Amino acid sequence: MTPISPSIFPVKVCGAIRNGLSRATFQFFGGCALVLMMLFATVAEAADYELGPMDKVTIRVIEWQTAEGAFREWPTITGDYRVGPSGTLSLPFAGEIAAGGKTTSEIAKEIAKNLRQKLGLVDLPEASVEISEFRPIFVSGDVQAPGRYPFEPEMTVLKAVSLAGGMPRTTGQRFERDYFNARGDYDVLVAQHDRLVVKLARLQTELANAREIKVPNDLIETSNAKKLIDDEAAIMVSRTNSLNLQLNGLNELKTLYQNEIASLAKKVDVQNRQMDLTRKELTSIGGLADQGLVVNSRVMGLKTSIADMEGKLLDLDTASLRAKQEINKSTQNGTDLENERKAELATEIQSTQAAIDESNLKLGMNRNLMTEALVNAPAAMGHGNSEDAPVMQYSIVRNSNGKTEELPAEEGTTLQPGDVVKVKIDMSRS
(Lines give C-alpha, C1' and ligand atoms only; values in the text may rest on other atoms or scores of the structure.)
Protein backbone atom coordinates (compact mmCIF):
# COMPACT_ATOMS: atom_id res chain seq x y z
CA MET A 1 0.00 0.00 0.00
CA THR A 2 1.41 3.36 -0.99
CA PRO A 3 0.48 6.07 1.55
CA ILE A 4 -0.73 9.42 0.47
CA SER A 5 1.95 12.02 0.53
CA PRO A 6 1.43 14.32 3.58
CA SER A 7 0.60 17.93 3.05
CA ILE A 8 3.60 20.23 2.86
CA PHE A 9 4.16 21.70 6.30
CA PRO A 10 3.63 25.48 6.28
CA VAL A 11 7.25 26.50 6.39
CA LYS A 12 6.39 29.78 4.69
CA VAL A 13 4.00 30.66 7.48
CA CYS A 14 6.65 29.96 10.11
CA GLY A 15 9.19 32.01 8.21
CA ALA A 16 6.76 34.90 7.91
CA ILE A 17 6.24 35.14 11.67
CA ARG A 18 9.88 34.67 12.54
CA ASN A 19 10.50 38.42 12.95
CA GLY A 20 8.61 41.17 14.72
CA LEU A 21 5.80 39.18 16.45
CA SER A 22 5.03 38.68 20.10
CA ARG A 23 5.44 35.45 22.10
CA ALA A 24 1.64 35.06 22.13
CA THR A 25 1.62 34.89 18.34
CA PHE A 26 4.28 32.18 18.35
CA GLN A 27 2.26 30.22 20.87
CA PHE A 28 -0.78 30.49 18.59
CA PHE A 29 1.10 28.82 15.75
CA GLY A 30 2.67 26.30 18.10
CA GLY A 31 -0.84 25.32 19.16
CA CYS A 32 -1.69 24.58 15.54
CA ALA A 33 1.08 21.98 15.33
CA LEU A 34 -1.01 19.13 16.68
CA VAL A 35 -3.82 19.81 14.19
CA LEU A 36 -1.38 19.96 11.30
CA MET A 37 0.37 16.76 12.38
CA MET A 38 -2.97 14.96 12.37
CA LEU A 39 -3.24 15.76 8.66
CA PHE A 40 -0.18 13.59 7.98
CA ALA A 41 -2.22 10.47 8.65
CA THR A 42 -3.55 8.87 5.47
CA VAL A 43 -7.09 7.72 4.92
CA ALA A 44 -5.77 4.28 4.02
CA GLU A 45 -4.47 3.90 7.57
CA ALA A 46 -6.99 2.08 9.76
CA ALA A 47 -7.23 3.79 13.16
CA ASP A 48 -8.00 0.53 14.98
CA TYR A 49 -5.60 -1.72 13.06
CA GLU A 50 -3.13 -3.42 15.39
CA LEU A 51 0.40 -3.77 14.11
CA GLY A 52 2.28 -7.06 14.00
CA PRO A 53 5.62 -8.47 12.86
CA MET A 54 6.61 -7.60 9.25
CA ASP A 55 4.29 -4.55 9.08
CA LYS A 56 6.12 -1.52 7.69
CA VAL A 57 5.42 2.00 8.98
CA THR A 58 6.52 5.52 8.07
CA ILE A 59 7.41 7.67 11.08
CA ARG A 60 7.76 11.46 11.14
CA VAL A 61 8.74 13.65 14.10
CA ILE A 62 8.40 17.45 14.16
CA GLU A 63 9.35 19.83 16.97
CA TRP A 64 8.43 23.50 17.49
CA GLN A 65 11.56 25.61 17.96
CA THR A 66 10.51 28.58 20.10
CA ALA A 67 13.83 30.40 19.76
CA GLU A 68 13.82 30.16 15.97
CA GLY A 69 10.06 30.57 15.59
CA ALA A 70 9.83 27.60 13.22
CA PHE A 71 8.95 23.92 13.01
CA ARG A 72 11.86 21.51 12.58
CA GLU A 73 11.62 17.98 11.27
CA TRP A 74 13.89 15.33 12.80
CA PRO A 75 15.52 13.63 9.79
CA THR A 76 17.42 11.21 12.06
CA ILE A 77 14.17 9.57 13.15
CA THR A 78 11.92 10.27 10.16
CA GLY A 79 11.83 7.28 7.81
CA ASP A 80 10.46 3.80 7.17
CA TYR A 81 10.67 1.06 9.79
CA ARG A 82 9.55 -2.56 9.86
CA VAL A 83 8.15 -4.26 12.94
CA GLY A 84 10.57 -6.99 13.98
CA PRO A 85 9.79 -10.65 14.71
CA SER A 86 9.42 -9.84 18.40
CA GLY A 87 6.86 -7.11 17.62
CA THR A 88 9.15 -4.16 18.35
CA LEU A 89 10.31 -1.06 16.50
CA SER A 90 13.88 0.11 16.96
CA LEU A 91 14.23 3.90 16.58
CA PRO A 92 17.16 6.26 17.08
CA PHE A 93 16.92 8.13 20.40
CA ALA A 94 13.44 6.73 21.13
CA GLY A 95 14.83 3.21 21.58
CA GLU A 96 12.85 -0.02 21.45
CA ILE A 97 9.09 0.52 21.06
CA ALA A 98 6.69 -2.38 21.65
CA ALA A 99 4.50 -2.17 18.53
CA GLY A 100 2.83 -5.58 18.42
CA GLY A 101 -0.90 -5.34 19.15
CA LYS A 102 -0.86 -1.51 19.21
CA THR A 103 -2.43 1.05 16.87
CA THR A 104 -0.44 3.70 15.02
CA SER A 105 -1.79 6.47 17.26
CA GLU A 106 -0.68 4.62 20.40
CA ILE A 107 2.82 4.14 18.99
CA ALA A 108 3.03 7.83 17.97
CA LYS A 109 2.23 8.90 21.55
CA GLU A 110 4.84 6.52 22.97
CA ILE A 111 7.53 7.76 20.56
CA ALA A 112 6.86 11.39 21.52
CA LYS A 113 6.89 10.50 25.23
CA ASN A 114 10.19 8.56 24.97
CA LEU A 115 11.90 11.35 23.03
CA ARG A 116 10.84 13.93 25.58
CA GLN A 117 12.09 11.84 28.50
CA LYS A 118 15.40 10.74 26.96
CA LEU A 119 16.36 14.09 25.42
CA GLY A 120 14.98 16.30 28.18
CA LEU A 121 12.77 18.34 25.85
CA VAL A 122 10.63 21.13 27.29
CA ASP A 123 7.76 20.59 24.86
CA LEU A 124 6.38 17.28 23.69
CA PRO A 125 7.39 16.71 20.03
CA GLU A 126 4.74 15.78 17.50
CA ALA A 127 5.04 12.27 16.02
CA SER A 128 2.98 10.63 13.28
CA VAL A 129 2.93 6.95 12.32
CA GLU A 130 1.47 5.69 9.02
CA ILE A 131 1.16 2.15 7.73
CA SER A 132 3.12 2.05 4.48
CA GLU A 133 3.11 -1.70 3.95
CA PHE A 134 1.05 -4.45 5.62
CA ARG A 135 2.57 -7.79 6.54
CA PRO A 136 2.19 -10.24 3.64
CA ILE A 137 -0.30 -13.04 3.13
CA PHE A 138 0.63 -16.57 2.06
CA VAL A 139 -1.05 -18.89 -0.43
CA SER A 140 -0.49 -22.64 -0.24
CA GLY A 141 -1.92 -25.82 -1.73
CA ASP A 142 -3.28 -26.40 -5.24
CA VAL A 143 -2.18 -23.18 -6.93
CA GLN A 144 0.26 -22.42 -9.71
CA ALA A 145 2.78 -20.47 -7.59
CA PRO A 146 2.31 -20.92 -3.82
CA GLY A 147 4.24 -18.50 -1.66
CA ARG A 148 4.28 -15.07 -0.06
CA TYR A 149 2.41 -12.10 -1.57
CA PRO A 150 1.92 -8.45 -0.53
CA PHE A 151 -1.34 -7.64 1.22
CA GLU A 152 -3.70 -4.93 -0.02
CA PRO A 153 -6.84 -3.57 1.71
CA GLU A 154 -10.05 -5.37 0.71
CA MET A 155 -8.07 -8.35 -0.62
CA THR A 156 -10.24 -11.45 -1.04
CA VAL A 157 -9.45 -15.14 -1.37
CA LEU A 158 -10.09 -14.95 -5.12
CA LYS A 159 -7.61 -12.07 -5.53
CA ALA A 160 -4.96 -13.92 -3.50
CA VAL A 161 -5.40 -17.12 -5.55
CA SER A 162 -5.17 -15.01 -8.72
CA LEU A 163 -1.82 -13.59 -7.55
CA ALA A 164 -0.65 -17.16 -6.97
CA GLY A 165 -1.41 -18.05 -10.59
CA GLY A 166 -4.74 -19.79 -10.05
CA MET A 167 -5.15 -23.52 -10.61
CA PRO A 168 -2.01 -25.54 -11.34
CA ARG A 169 -1.28 -26.62 -14.90
CA THR A 170 -2.99 -29.85 -15.84
CA THR A 171 -3.70 -31.05 -19.35
CA GLY A 172 -7.41 -31.62 -18.85
CA GLN A 173 -8.04 -28.31 -17.12
CA ARG A 174 -6.07 -25.92 -19.28
CA PHE A 175 -8.91 -23.70 -20.46
CA GLU A 176 -10.69 -23.79 -17.10
CA ARG A 177 -7.45 -22.62 -15.52
CA ASP A 178 -7.02 -19.90 -18.14
CA TYR A 179 -10.53 -18.62 -17.45
CA PHE A 180 -9.97 -18.71 -13.68
CA ASN A 181 -6.73 -16.77 -13.96
CA ALA A 182 -8.18 -14.19 -16.35
CA ARG A 183 -11.28 -13.77 -14.20
CA GLY A 184 -9.21 -13.27 -11.05
CA ASP A 185 -7.00 -10.72 -12.78
CA TYR A 186 -10.11 -9.05 -14.18
CA ASP A 187 -11.67 -8.65 -10.71
CA VAL A 188 -8.46 -7.15 -9.36
CA LEU A 189 -8.26 -4.73 -12.29
CA VAL A 190 -11.92 -3.72 -11.89
CA ALA A 191 -11.31 -2.81 -8.23
CA GLN A 192 -8.21 -0.80 -9.16
CA HIS A 193 -10.06 0.88 -12.04
CA ASP A 194 -12.96 1.91 -9.78
CA ARG A 195 -10.59 3.46 -7.24
CA LEU A 196 -8.79 5.38 -9.99
CA VAL A 197 -12.06 6.70 -11.45
CA VAL A 198 -13.21 7.96 -8.05
CA LYS A 199 -9.78 9.47 -7.37
CA LEU A 200 -9.97 11.35 -10.67
CA ALA A 201 -13.43 12.65 -9.71
CA ARG A 202 -12.03 13.83 -6.37
CA LEU A 203 -9.08 15.62 -7.98
CA GLN A 204 -11.38 17.38 -10.45
CA THR A 205 -13.66 18.41 -7.58
CA GLU A 206 -10.70 19.87 -5.68
CA LEU A 207 -9.49 21.76 -8.74
CA ALA A 208 -12.97 23.27 -9.20
CA ASN A 209 -13.11 24.18 -5.47
CA ALA A 210 -16.40 22.26 -5.21
CA ARG A 211 -17.58 20.65 -1.98
CA GLU A 212 -19.16 17.40 -3.13
CA ILE A 213 -17.73 14.62 -5.28
CA LYS A 214 -20.19 13.50 -7.96
CA VAL A 215 -20.46 9.77 -8.55
CA PRO A 216 -18.90 8.98 -11.96
CA ASN A 217 -21.32 7.53 -14.51
CA ASP A 218 -19.22 4.35 -14.69
CA LEU A 219 -19.85 3.64 -11.00
CA ILE A 220 -23.50 4.64 -10.53
CA GLU A 221 -24.62 1.02 -10.30
CA THR A 222 -21.52 -0.28 -8.51
CA SER A 223 -22.18 -1.70 -5.04
CA ASN A 224 -19.07 -0.21 -3.41
CA ALA A 225 -19.36 3.23 -5.06
CA LYS A 226 -20.48 4.92 -1.83
CA LYS A 227 -17.52 3.57 0.14
CA LEU A 228 -15.06 4.66 -2.55
CA ILE A 229 -16.64 8.12 -2.66
CA ASP A 230 -16.53 8.39 1.15
CA ASP A 231 -12.83 7.44 1.23
CA GLU A 232 -11.90 10.02 -1.39
CA ALA A 233 -14.12 12.63 0.29
CA ALA A 234 -12.17 12.11 3.52
CA ILE A 235 -8.92 12.69 1.64
CA MET A 236 -10.34 15.85 0.07
CA VAL A 237 -11.46 17.20 3.45
CA SER A 238 -8.00 16.59 4.95
CA ARG A 239 -6.23 18.31 2.06
CA THR A 240 -8.67 21.24 2.07
CA ASN A 241 -8.35 21.68 5.84
CA SER A 242 -4.56 21.64 5.53
CA LEU A 243 -4.62 24.41 2.90
CA ASN A 244 -7.17 26.44 4.87
CA LEU A 245 -5.03 26.22 8.02
CA GLN A 246 -2.06 27.62 6.15
CA LEU A 247 -4.11 30.38 4.48
CA ASN A 248 -5.79 31.28 7.78
CA GLY A 249 -2.38 31.51 9.39
CA LEU A 250 -1.25 33.96 6.73
CA ASN A 251 -4.44 36.00 7.18
CA GLU A 252 -3.80 36.12 10.91
CA LEU A 253 -0.33 37.47 10.19
CA LYS A 254 -1.73 40.15 7.91
CA THR A 255 -4.23 41.20 10.58
CA LEU A 256 -1.48 41.43 13.19
CA TYR A 257 0.68 43.60 10.94
CA GLN A 258 -2.27 45.80 10.01
CA ASN A 259 -2.97 46.36 13.72
CA GLU A 260 0.72 47.14 14.22
CA ILE A 261 0.61 49.72 11.41
CA ALA A 262 -2.47 51.36 12.98
CA SER A 263 -0.71 51.48 16.35
CA LEU A 264 2.41 53.00 14.80
CA ALA A 265 0.29 55.65 13.07
CA LYS A 266 -1.17 56.71 16.44
CA LYS A 267 2.34 56.89 17.93
CA VAL A 268 3.48 59.06 15.01
CA ASP A 269 0.54 61.40 15.58
CA VAL A 270 1.33 61.72 19.30
CA GLN A 271 5.02 62.26 18.55
CA ASN A 272 4.24 65.03 16.03
CA ARG A 273 2.03 66.85 18.55
CA GLN A 274 4.73 66.67 21.19
CA MET A 275 7.30 67.96 18.71
CA ASP A 276 5.01 70.86 17.71
CA LEU A 277 4.58 71.85 21.35
CA THR A 278 8.33 71.69 21.94
CA ARG A 279 9.01 73.83 18.87
CA LYS A 280 6.47 76.43 20.00
CA GLU A 281 8.10 76.53 23.40
CA LEU A 282 11.53 76.94 21.76
CA THR A 283 10.20 79.77 19.61
CA SER A 284 8.65 81.53 22.61
CA ILE A 285 11.86 81.56 24.62
CA GLY A 286 14.20 82.17 21.67
CA GLY A 287 13.97 85.97 21.99
CA LEU A 288 14.35 85.82 25.75
CA ALA A 289 17.52 83.81 25.34
CA ASP A 290 18.96 86.44 23.01
CA GLN A 291 18.29 89.07 25.69
CA GLY A 292 19.93 86.94 28.33
CA LEU A 293 16.70 86.40 30.22
CA VAL A 294 16.74 82.61 29.75
CA VAL A 295 19.78 80.38 30.18
CA ASN A 296 21.10 78.79 27.00
CA SER A 297 21.06 75.31 28.58
CA ARG A 298 17.26 75.33 28.44
CA VAL A 299 17.32 76.22 24.77
CA MET A 300 19.82 73.46 24.08
CA GLY A 301 17.64 70.99 26.02
CA LEU A 302 14.61 71.83 23.89
CA LYS A 303 16.62 71.47 20.67
CA THR A 304 17.92 68.09 21.85
CA SER A 305 14.37 66.93 22.63
CA ILE A 306 13.23 67.95 19.15
CA ALA A 307 16.12 66.01 17.58
CA ASP A 308 15.25 62.92 19.65
CA MET A 309 11.62 63.17 18.60
CA GLU A 310 12.60 63.40 14.94
CA GLY A 311 14.73 60.27 15.34
CA LYS A 312 11.83 58.39 16.93
CA LEU A 313 9.57 59.47 14.05
CA LEU A 314 12.06 57.95 11.60
CA ASP A 315 12.09 54.71 13.61
CA LEU A 316 8.29 54.60 13.60
CA ASP A 317 8.20 55.17 9.83
CA THR A 318 10.75 52.37 9.33
CA ALA A 319 8.71 49.98 11.49
CA SER A 320 5.57 50.85 9.55
CA LEU A 321 7.30 50.17 6.22
CA ARG A 322 8.59 46.84 7.53
CA ALA A 323 5.07 45.81 8.61
CA LYS A 324 3.70 46.73 5.17
CA GLN A 325 6.40 44.62 3.54
CA GLU A 326 5.42 41.66 5.73
CA ILE A 327 1.79 42.07 4.69
CA ASN A 328 2.81 41.97 1.03
CA LYS A 329 4.97 38.91 1.71
CA SER A 330 2.08 37.11 3.44
CA THR A 331 -0.20 37.90 0.52
CA GLN A 332 2.37 36.52 -1.92
CA ASN A 333 2.83 33.39 0.20
CA GLY A 334 -0.92 32.79 0.09
CA THR A 335 -0.94 33.14 -3.68
CA ASP A 336 2.02 30.75 -3.97
CA LEU A 337 0.24 28.14 -1.82
CA GLU A 338 -2.84 28.20 -4.03
CA ASN A 339 -0.78 28.09 -7.24
CA GLU A 340 1.25 25.13 -5.95
CA ARG A 341 -1.97 23.32 -5.04
CA LYS A 342 -3.39 23.84 -8.54
CA ALA A 343 -0.16 22.63 -10.16
CA GLU A 344 -0.09 19.55 -7.92
CA LEU A 345 -3.72 18.75 -8.73
CA ALA A 346 -3.10 19.13 -12.47
CA THR A 347 -0.15 16.73 -12.29
CA GLU A 348 -2.15 14.18 -10.27
CA ILE A 349 -5.06 14.41 -12.72
CA GLN A 350 -2.74 13.73 -15.64
CA SER A 351 -1.08 10.70 -13.99
CA THR A 352 -4.43 9.30 -12.78
CA GLN A 353 -5.94 9.59 -16.25
CA ALA A 354 -2.93 7.75 -17.68
CA ALA A 355 -3.40 5.00 -15.09
CA ILE A 356 -7.10 4.72 -16.00
CA ASP A 357 -6.23 4.40 -19.70
CA GLU A 358 -3.73 1.64 -18.90
CA SER A 359 -6.31 -0.10 -16.71
CA ASN A 360 -8.88 -0.01 -19.53
CA LEU A 361 -6.41 -1.71 -21.87
CA LYS A 362 -5.71 -4.46 -19.34
CA LEU A 363 -9.43 -4.97 -18.70
CA GLY A 364 -10.04 -5.38 -22.42
CA MET A 365 -7.22 -7.91 -22.68
CA ASN A 366 -8.59 -9.99 -19.79
CA ARG A 367 -12.09 -9.90 -21.24
CA ASN A 368 -10.70 -11.33 -24.47
CA LEU A 369 -8.83 -14.03 -22.56
CA MET A 370 -11.99 -15.04 -20.68
CA THR A 371 -13.98 -15.15 -23.92
CA GLU A 372 -11.35 -17.36 -25.57
CA ALA A 373 -11.31 -19.73 -22.58
CA LEU A 374 -15.10 -20.02 -22.51
CA VAL A 375 -15.23 -20.81 -26.23
CA ASN A 376 -12.99 -23.84 -25.58
CA ALA A 377 -14.41 -24.79 -22.18
CA PRO A 378 -17.99 -23.56 -21.57
CA ALA A 379 -18.07 -25.43 -18.27
CA ALA A 380 -15.50 -22.99 -16.88
CA MET A 381 -18.28 -20.40 -16.52
CA GLY A 382 -19.55 -22.33 -13.49
CA HIS A 383 -16.25 -22.10 -11.57
CA GLY A 384 -16.74 -25.59 -10.25
CA ASN A 385 -20.55 -25.47 -10.15
CA SER A 386 -21.03 -27.66 -13.24
CA GLU A 387 -20.86 -31.45 -13.05
CA ASP A 388 -17.72 -31.60 -15.16
CA ALA A 389 -15.72 -28.87 -13.36
CA PRO A 390 -13.54 -29.40 -10.28
CA VAL A 391 -14.56 -27.86 -6.97
CA MET A 392 -12.18 -25.35 -5.35
CA GLN A 393 -12.11 -25.54 -1.57
CA TYR A 394 -10.61 -22.72 0.50
CA SER A 395 -9.69 -22.18 4.12
CA ILE A 396 -7.80 -19.46 6.00
CA VAL A 397 -5.22 -20.07 8.73
CA ARG A 398 -5.22 -17.00 10.98
CA ASN A 399 -3.33 -16.05 14.13
CA SER A 400 -5.65 -14.25 16.53
CA ASN A 401 -4.70 -13.26 20.08
CA GLY A 402 -1.78 -15.66 20.05
CA LYS A 403 -3.91 -18.59 18.87
CA THR A 404 -3.88 -20.15 15.40
CA GLU A 405 -7.18 -21.27 13.91
CA GLU A 406 -8.30 -22.52 10.50
CA LEU A 407 -11.50 -20.98 9.13
CA PRO A 408 -13.58 -22.08 6.12
CA ALA A 409 -13.64 -19.49 3.32
CA GLU A 410 -15.23 -18.60 -0.01
CA GLU A 411 -13.88 -16.71 -3.00
CA GLY A 412 -15.26 -13.44 -1.67
CA THR A 413 -13.98 -13.86 1.90
CA THR A 414 -11.95 -10.80 2.96
CA LEU A 415 -8.39 -11.47 4.13
CA GLN A 416 -6.37 -9.90 6.91
CA PRO A 417 -2.62 -9.22 6.96
CA GLY A 418 -0.64 -12.35 7.81
CA ASP A 419 -3.36 -14.79 6.72
CA VAL A 420 -2.45 -18.10 5.07
CA VAL A 421 -4.86 -19.13 2.29
CA LYS A 422 -5.06 -22.89 1.77
CA VAL A 423 -6.39 -24.06 -1.61
CA LYS A 424 -7.54 -27.58 -2.41
CA ILE A 425 -9.04 -28.91 -5.64
CA ASP A 426 -11.73 -31.55 -5.13
CA MET A 427 -11.47 -33.76 -8.23
CA SER A 428 -14.17 -36.18 -7.07
CA ARG A 429 -16.75 -34.56 -9.38
CA SER A 430 -14.54 -34.05 -12.41
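User: In this predicted model, what is the relative accessible area of Lys227?
Analyst: Lys227 counts as partly exposed. That class lies between the 20% and 50% cut-offs. The value for Lys227 is 42%.

User: Which residue does Lys227 meet in a salt bridge?
Analyst: Both partners lie in helix H7. They sit four residues apart, about one turn of the helix. The closest N to O distance is 3.1 Å, within the 4 Å cut-off. The partner of Lys227 is Asp231.

User: Is Asp231 buried, partly exposed or exposed?
Analyst: Asp231 has 28% relative accessibility. Buried would need under 20%, exposed over 50%. Therefore Asp231 is partly exposed.

User: Which residues are joined into one network with Arg202?
Analyst: Salt bridges that share partners build this network. Besides Arg202, the members are Glu206, Glu232, Arg239, Glu344 and Glu348.

User: How many residues apart are Arg202 and Glu232?
Analyst: Arg202 forms a salt bridge with Glu232, with the closest N and O atoms 2.9 Å apart. The pair links distant parts of the chain. Arg202 is in helix H6 (residues 174-207), Glu232 in helix H7 (residues 225-290). Their separation is 30 residues.

User: Is Arg202 buried or exposed?
Analyst: Its partner Glu232 has a relative accessible area of 11% and is buried. Arg202 has 4% relative accessibility. The cut-off is under 20%, so Arg202 is buried.

User: What is the N to O distance between Glu110 and Lys102?
Analyst: Glu110 is partly exposed at 23%. Lys102 is partly exposed too, at 24%. Their side chains meet in a salt bridge at 2.7 Å.

How values were computed. Residues are numbered from 1 along each chain as its sequence is written. This is a predicted model: local features need pLDDT of at least 70, side-chain atom pairs count only at pLDDT 80 or more; totals for chains, interfaces and linings use all residues. Side-chain values use heavy atoms; hydrogens and water are left out. Buried means under 20% relative accessible area, exposed over 50%, partly exposed in between (1.4 Å probe, protein chains only). Helices (H or I, at least four residues) and strands (E, at least two) are DSSP runs, numbered from the N terminus.
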